[in-house]
Each structure stands twice: as C-alpha cells, then as structure tokens.
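Open the model in your viewer and keep the selection tool at hand. The tour goes stop by stop.

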Amino acid sequence: MPAVAEILIPLALDTAYSYAVPPGLTLAEGDVVQVPLGPRETVGVVWGLDERASGGNLRPVTGRIEVPPLSEPLRKLVDWLARYTLAPKGSALAMALRLPDEGAQRENPRIGVRASGRPPARQTAARGKVLAVASDGAVRGKSALAKEAGVSVGVVDGLIDDGALETVALVPEPVALPPNPDHPRVPLSDAQRDAAHDLIAAPSPASAPAEAGGTILLEGVTGSGKTEVYFEAVAECVREGRQALVLMPEIALTAQFLDRFAGRFGVRPATWHSGIGGKRRERIRAGVASGDVSVVVGARSALFLPFNRLGLIVVDEEHESAYKQEDGVHYHARDMAVVRGRLEGCPVVLASATPSIESRVNAQSGRYRHVSLPGRFGGRPLPDIKAIDMRLDKPERGRFLSPPMVNAVKATLEAGEQALLFLNRRGYAPLTLCRACGHRYQCRNCSTWLVEHRFRRALVCHQCGYAERKPEACTECGAFDHLTPCGPGVERIAEEAAELFPDKRIVVLSSDFPGGAERLRQELETVAAGECDIVIGTQLVAKGHNFPHLTLVGVLDADIGLTTGDPRAAERTFQLLQQVTGRAGRGERPGRALVQTYQPDHPVIAALLSGDAERFYEEEIAAREAAGLPPFGRLAALIVSAEEREKAEAHGQALARAADPPPGVMVLGPAEAPLALVRGRWRFRLLVKTERGIDVQSYLRDWLARGPKPRGNLKVAIDVDPQSFL
DNA sequence: AGCACGCCGACT
DNA sequence: GTCGGCGTGCTC
C-alpha cells in the first residue's frame with residue numbers, strides 16, 4: 001500500500017497533485033522529484049506526504065532528482081508569496097526552482113592547453129615563442145598562453161590542430177572564494193561604528209517582540225557610508241558561520257560595488273542576476289544550498305535561492321521601484337525579503353538615503369527599528385543646494401539653460417572639475433508640433449505625445465515603444481519646415497551645451513545609449529575616471545555609479561514628475577532629486593547643486609532646498625493622510641487585450657460597481673483609465689486602503705469572483721505592506 | 001509550460 | 001470544401 005505524495009509542479013497550477021510513492025523510494029517534504037504529467041515528465045517538489053493513505057489508483061512518482069531540496073522556510077515563502085500575490089502556487093514555485101536550462105548556454109567551457117611533447121609539423125617564429133613558453137609543461141588558458149608568448153590566439157589554435165599542444169579540461173574556478181570578515185580595512189567613523197553596533201545588536205528573533213520584528217531601516221544621506229555599516233553586519237554574520245544575502249537593484253550591481261566589497265572582504269562576492277545562466281547558475285545554487293557560498297550579492301531573484309542557514313538579508317536602495325517585479329508573478333522584493341527574514345528567523349536591513357514612505361511609516365510606528373547615520377563620512381559637507389527661479393532667470397528663447405546655470409557650469413569647468421546636467425527626459429524633444437496646421441504627433445495606441453529622437457531620426461512613444469520615422473513634411477497639411485520640436489530632452493541639452501562649450505568633452509547618458517548596456521557601463525566608468533567635462537543624463541545617473549570628479553549638479557527641470565497624478569509623484573520626485581543632487585562633491589572637493597524650477601515653494605522643492613528630508617517625510621505622510629490615501633497599499637490589476645479598449649473600460653466599471661468593501665478596506669479605484677498597452681494588455685490601477693488585520697487577498701478573491709470576470713486575462717499585482725498580514 | 005480541442009476567416 | 005489562426009481548458 002504505497003504512500004501518497006502531494007507534488008507541487010512549477011506551472012500555473014494552484015494546487016499540488018497527488019502521486020503514489022513507489023515502493024523503495026523514500027521521500028521527504030521539499031525533495032525535488034520527477035513526475036508524469038499528461039503525456040510527459042515534469043519536475044515538481046514534494047509539498048506534503050501522507051504515509052498512511054493509499055495511492056493505489058494514482059500515477060507514481062518517477063524518482064527523486066539529485067538537486068538540493070527546498071527548505072521549509074523557502075516552501076513557506078512560496079506559499080506566502082502565492083497567497084499574497086494571488087498567483088498560482090506553481091508559478092510562485094517556479095521562481096524558487098528555475099532549474100538550469102538544459103544545455104542552453106553552457107558556462108564558457110574552460111579548456112587549458114599544455115605542450116604535448118610532439119614537435120609541430122611546421123615551425124614558425126610565432127610557434128617557437130609559444131612552445132618556448134609552454135615548454136615548462138604547465139597548463140595555461142588558451143588566451144593566457146597566447147598573451148604570454150606575445151602572439152595571437154590563432155597561433156595557439158594552429159598548434160593544437162597540429163598536435164604540438166594538447167587540450168585539458170580545466171577545473172572551473174570556484175563561484176566565489178570565502179570572504180574574510182577580518183580583512184584589513186579603513187577604520188569606521190564613530191557614527192558608523194555606533195550604527196554598525198546597532199545593526200549587529202539586532203534582537204535575535206526568539207527574543208524579539210513579534211511586533212518589533214527583525215527589520216531595521218538604515219537611513220543615511222548619500223556618502224554617509226551606509227555600505228560600510230551593513231558590511232559590518234555581513235562580516236559578523238559570516239563570523240558566526242551563517243550566510244548573508246545583499247539585494248540590489250540590477251542597475252546598481254556594478255563592478256564598482258563589487259570592488260568595494262572586495263576592499264572590505266578581500267574577495268569579490270558571488271553574484272546573482274538575470275544574466276547568470278547555464279551551469280554557473282546551477283553551481284551557485286548548489287554552493288548556496290551547501291553553505292559553501294556564504295555571501296551572495298544579487299538582484300531581486302536572488303531572494304529565492306536555497307540558503308540553508310541564512311543569517312542576514314540586506315536590501316540596498318530599498319526605495320527603488322526596480323524591486324517590483326511586474327510580469328509573471330507580481331511581487332516587491334523588499335517586502336518579500338522582510339517575509340523571508342521573518343520565516344528564516346534572521347534580521348533584515350533596509351538601506352536607503354531616501355527611504356520609501358512605507359518603510360518610513362513602518363519605522364515611525366515601531367514596526368521596524370530605525371538606525372540613522374548623520375551627515376557624510378569624514379565630516380565632508382553635503383552639497384549646497386540653491387534654486388534658480390525660472391520665472392525670474394529666464395533662458396534665451398529656444399534655450400533651456402538659465403544664465404546662472406551657464407555661469408556655474410563655466411566656473412566649474414574653469415576649475416578643472418566635472419559638471420552634471422540632469423534632465424529626466426530621454427530624446428530630443430517631448431513634443432513635435434506643426435506650426436502651419438497645429439497638428440501634434442501623438443501615439444496611435446496611447447494618448448501620449450511622440451518623443452523626437454534626433455539620433456535615431458524617429459518619433460517614439462515612451463509608453464508602448466511605438467516608433468515612426470520623423471516625417472520631412474507635416475503628415476496632416478503637407479507643409480515643409482514647419483515641424484517644431486517643443487521642450488527639451490537630454491539630446492537637445494547636449495546640443496545647447498556643445499554650442500556654449502565647444503571645446504569641452506560632453507557625454508549623454510540615458511537608457512538610449514548607443515551600443516547597449518555593456519557600452520553604457522564602460523561609459524559610466526570613463527565618466528567616473530574623470531575623462532569627460534559635462535555629463536548630461538537622465539535618472540540613470542542618479543543611481544549606482546559614483547562620480548568622484550563631479551562638483552556641480554544642475555537640475556534642469558525639477559518640476560517634471562510633480563504633476564503626473566501618480567499617488568507617488570511627490571515621493572518619487574523627492575527621492576530622485578535628493579539622490580541626484582547628492583552626487584555632487586563626493587570626491588576631494590566640495591560640491592553644490594543648482595535647481596531650475598518654476599515652483600520653488602512647492603513642498604517637495606522647498607524640502608529639497610532646505611536639505612531637510614525629515615520635513616518632506618512629515619509633510620508627505622500628513623498630505624496622504626489628509627487626502628485619504630494610504631501611506632502604502634496599492635493594488636494594480638492588469639486587464640484585457642489590445643483593440644478592446646471599450647470592453648476594457650466596461651470591465652473596469654463593472655469592477656468598480658462590484659466593489660463592496662468590508663469594514664477596514666476602502667477601494668479608491670479603478671482610479672485611472674487604462675494607462676497603457678503592455679504587451680497586448682491594458683494596464684489599470686486600483687488603490688486599496690487597508691487597516692491592519694484585514695486580509696485584502698481573500699477580499700479581492702471574493703470581489704473578483706463576484707464581478708464579471710474579464711475573460712481569464714485578469715492579473716492582480718499587489719504592493720501592500722506585507723507586515724499587515726504576517 | 002505543452003498539448004488537444006474547437007470555432008471562424010482565406011485559400012490551394 | 002480544408003488549412004490554420006489562437007482562445008480555452010486540462011494535466012494527479
């Protein structure tokens with residue numbers, strides 16, 4: 001009488017399937033197994049076992065797969081995530097499994113070569129050099145040997161074909177060497193030491209009151225040395241023989257950061273991100289599961305790695321929206337980190353110079369502990385921030401840099417320093433208008449204006465990616481020479497800067513950077529090295545990379561983003577401007593920032609200018625309270641197909657009518673009309689205000705079940721503080 | 001995820 | 001008349 005195993009399969013299935021456990025096979029919960037599913041075999045994970053039940057009429061489990069089993073906390077995380085995001089359990093499991101794509105992209109098959117002892121059939125000068133180097137019989141990498149001999153790899157290949165060199169499979173280099181927590185380092189400042197002590201003294205989960213939890217908000221301005229502080233917590237964790245995970249937004253996962261890690265721990269850490277594939281992926285997973293890898297630095301998917309003795313999770317730049325996964329299973333990695341920390345019984349450190357409102361609220365209410373780093377490391381002054389009131393200091397017609405801004409750039413360049421002009425607008429001009437007939441170029445799918453990209457000679461929709469060639473004459477009235485670009489984008493600012501400073505080196509940094517991500521990364525390095533005078537950049541320059549030669553940051557339109565109607569508009573703008581102005585003066589020389597604005601009295605701008613972040617948070621939290629908006633708690637629903645706008649709107653309204661919230665839940669939407677087409681689906685947003693203890697998920701399930709269901713295409717993304725449901 | 005079934009448009 | 005588009009449903 002075989003036992004029954006409940007097997008969860010990593011497909012869009014919400015329930016585990018029952019299989020018989022064949023005699024002779026011993027299974028434990030968490031084991032990875034192969035099972036028959038319909039006509040084929042699939043992997044699955046043992047989610048439950050019933051030793052006494054009879055699986056007589058069930059199909060049997062095929063066998064166990066030799067990969068590390070999923071620990072209980074990780075299985076609980078999968079269950080939790082599925083329930084929380086309304087995703088099928090199997091889809092949540094898929095994120096924790098992600099087995100290596102069989103044979104897809106192999107790790108660069110490292111082969112070494114050594115002298116075989118046989119003389120080459122033909123001898124040349126280049127071949128002689130190679131054989132002289134190889135004559136010691138040692139095994140070298142192909143390119144290493146070629147380099148050492150001062151010839152090209154072709155010569156080495158030729159000698160392999162000839163038989164004078166033989167190839168040997170090299171043992172792959174380990175995914176990461178063990179970090180040394182006691183590697184010699186620059187001593188911490190007093191403030192840093194105090195903060196580090198605070199982190200390490202995090203109450204152990206057993207002794208912590210359930211309410212306080214083990215989550216700590218580590219706040220400190222750009223340059224205050226947060227990284228060094230949480231490195232101490234990582235070091236302490238490693239000393240105790242436990243593992244640490246450092247999560248970063250993918251864009252911040254730079255060589256610069258890994259070098260800083262190496263400076264503290266002697267070696268670079270194991271890294272995990274979407275670009276790591278094939279065999280390397282599996283080796284890291286195995287190393288993490290066995291405990292050989294003690295520290296992982298990774299993007300959000302690293303959250304689902306099979307750590308077996310996790311002792312710490314750090315979420316760096318916790319306010320970053322890149323932590324939100326918006327396709328497949330929708331989740332917020334910062335929140336899931338908090339959940340995993342709770343399930344693993346380990347502390348979670350959320351680090352940011354500009355925390356999200358929800359983390360601030362959680363710190364204020366005592367749910368998170370709050371550790372602050374006052375000022376910058378080494379007593380360096382924060383940049384002096386001044387406004388340029390654009391109503392008084394107007395640029396010339398058709399120009400966008402006001403006279404004080406031009407003077408400041410000039411002075412900075414004369415001092416041999418670097419200046420950054422920040423404008424969060426890609427392309428050349430955000431709107432194209434025909435001055436003959438008044439026609440404005442608009443996206444045919446969305447309601448947005450098409451942005452001119454002069455480099456590409458195209459008009460592009462920044463919502464859906466639609467692009468058309470920029471016409472020679474107006475497509476409406478046929479007039480030549482009347483199409484006028486309105487407003488600035490970074491390309492246009494670069495044009496203006498080039499006219500003002502013709503002999504200076506100017507670089508435009510945006511996600512449109514020609515040559516792709518790798519070239520962009522290189523360009524960031526050269527800017528950091530000071531090989532450029534004026535940087536013109538979008539929000540991309542506000543994140544990750546440090547530019548030590550930068551002493552002036554000029555914000556060209558601080559008001560962009562304040563009027564978008566997004567409930568997080570103020571928060572986002574403040575964070576962005578605070579980060580970008582904080583880039584100034586992080587090297588030897590002090591920095592300053594100039595902010596062009598039409599609204600110097602706007603709360604966000606005023607708080608930025610006063611350097612008083614506290615004031616911003618107080619005002620913003622109060623403003624949301626007054627508007628009946630939650631400090632956090634947003635739900636998003638993705639609905640319906642392309643040409644069916646009317647149907648989609650009808651669905652939206654039907655959903656709104658179906659709303660009948662229980663006490664403690666307030667539905668504030670569908671707040672917006674369909675926003676955009678995202679790969680053939682309309683994107684809606686719903687706002688839901690909750691009180692603690694209300695289970696929004698169950699409520700939403702009911703709500704959606706009662707309403708007319710949009711033909712199976714509904715997806716709900718949830719971005720609510722998970723602590724409410726723990 | 002795959003795979004089958006089924007219902008409407010455009011073709012040798 | 002069929003070929004084939006993908007929308008829907010099912011897999012223990």
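For sorting residues, Ala, Val, Leu, Ile, Met, Phe, Trp, Tyr, Cys and Pro count as nonpolar, Asp, Glu, Lys and Arg as charged, and the others, Gly among them, as polar. This is a predicted model, in which local features need pLDDT of at least 70 and side-chain atom pairs count only at pLDDT 80 or more, while totals for chains, interfaces and linings use all residues. Residues are numbered from 1 along each chain as its sequence is written, chains are lettered from A and ligands numbered from 1 in the order in which they are written, and side-chain values use heavy atoms, with hydrogens and water left out.

**Stop 1: the domains**

Colour chain A by domain. The bounds come from an automatic or database domain assignment. Domain 1 is 4-96, domain 2 is 111-169 and domain 3 is 190-378. Domain 4 comes in two pieces, 380-425 and 488-622, and domain 5 is 633-720. The C-alpha centres of domain 1 and domain 2 are 51 Å apart.

**Stop 2: DNA strand C**

Select DNA strand C and the residues near it, meaning those with a heavy atom within 4 Å. Nine residues surround the strand, and Leu13, Tyr17, Ser18, Gly38 and Arg59 come nearest. The surface holds five nonpolar, two polar and two charged residues. On the DNA side, 50% of the atoms within 4 Å of the protein belong to sugar or phosphate, and the rest to bases.

Now show polar contacts, here pairs of N or O atoms within 3.5 Å. A polar side-chain atom of Arg59 sits 2.8 Å from a phosphate oxygen. A polar backbone atom of Gly38 is 3.1 Å from a sugar or linking oxygen. What does Ser18 reach with a backbone N or O atom? A base oxygen of DNA strand C, at 2.7 Å.

Helices (H or I, at least four residues) and strands (E, at least two) are DSSP runs, numbered from the N terminus. Strand S2 (17-20) and strand S3 (32-37) each give two or more residues to this surface. S2 gives the most, with three.

**Stop 3: the annotated cysteines**

Select Cys434, Cys437, Cys474 and Cys477. An unreviewed UniProt entry annotates them as "binding site". They span 44 residues in sequence, yet no two of their C-alpha atoms are more than 8.7 Å apart, so they gather at one spot. UniProt annotations may be inferred rather than shown by experiment, and their positions follow the numbering used here.

Add Cys443, Cys446, Cys461 and Cys464, which carry a "binding site" annotation from an unreviewed UniProt entry. Cys437 and Cys443 both lie in the loop between strand S20 (431-434) and strand S21 (451-453). Are they buried (under 20% relative accessible area), exposed (over 50%) or partly exposed (in between), with a 1.4 Å probe and protein chains only? Cys443 is buried at 5%. Cys437 is partly exposed at 38%.

Move on to Arg457, in the loop between S21 and strand S22 (458-460). Its phi is positive, about 55°, although it is not a glycine. Arg457 is exposed, at 58%.

**Stop 4: helix H15 and beyond**

Select helix H15 (569-581). Its end C-alpha atoms are 18 Å apart, which agrees with the span expected for 13 residues at 1.5 Å a residue, counted as 1.5 Å times one less than the number of residues. Of these 13 residues, 12 are buried, including Phe574, Leu576 and Leu577.

Step to Gly587, in the loop between H15 and strand S28 (592-597). Gly587 is buried, at 10%. Its C-alpha atom is 11 Å from that of Phe377, 210 residues away along the chain.

Notes
A polar contact is a pair of N or O atoms within 3.5 Å; within protein, one must be able to donate a hydrogen and the other to accept it, and residues adjacent in sequence count only if both atoms are side-chain atoms.
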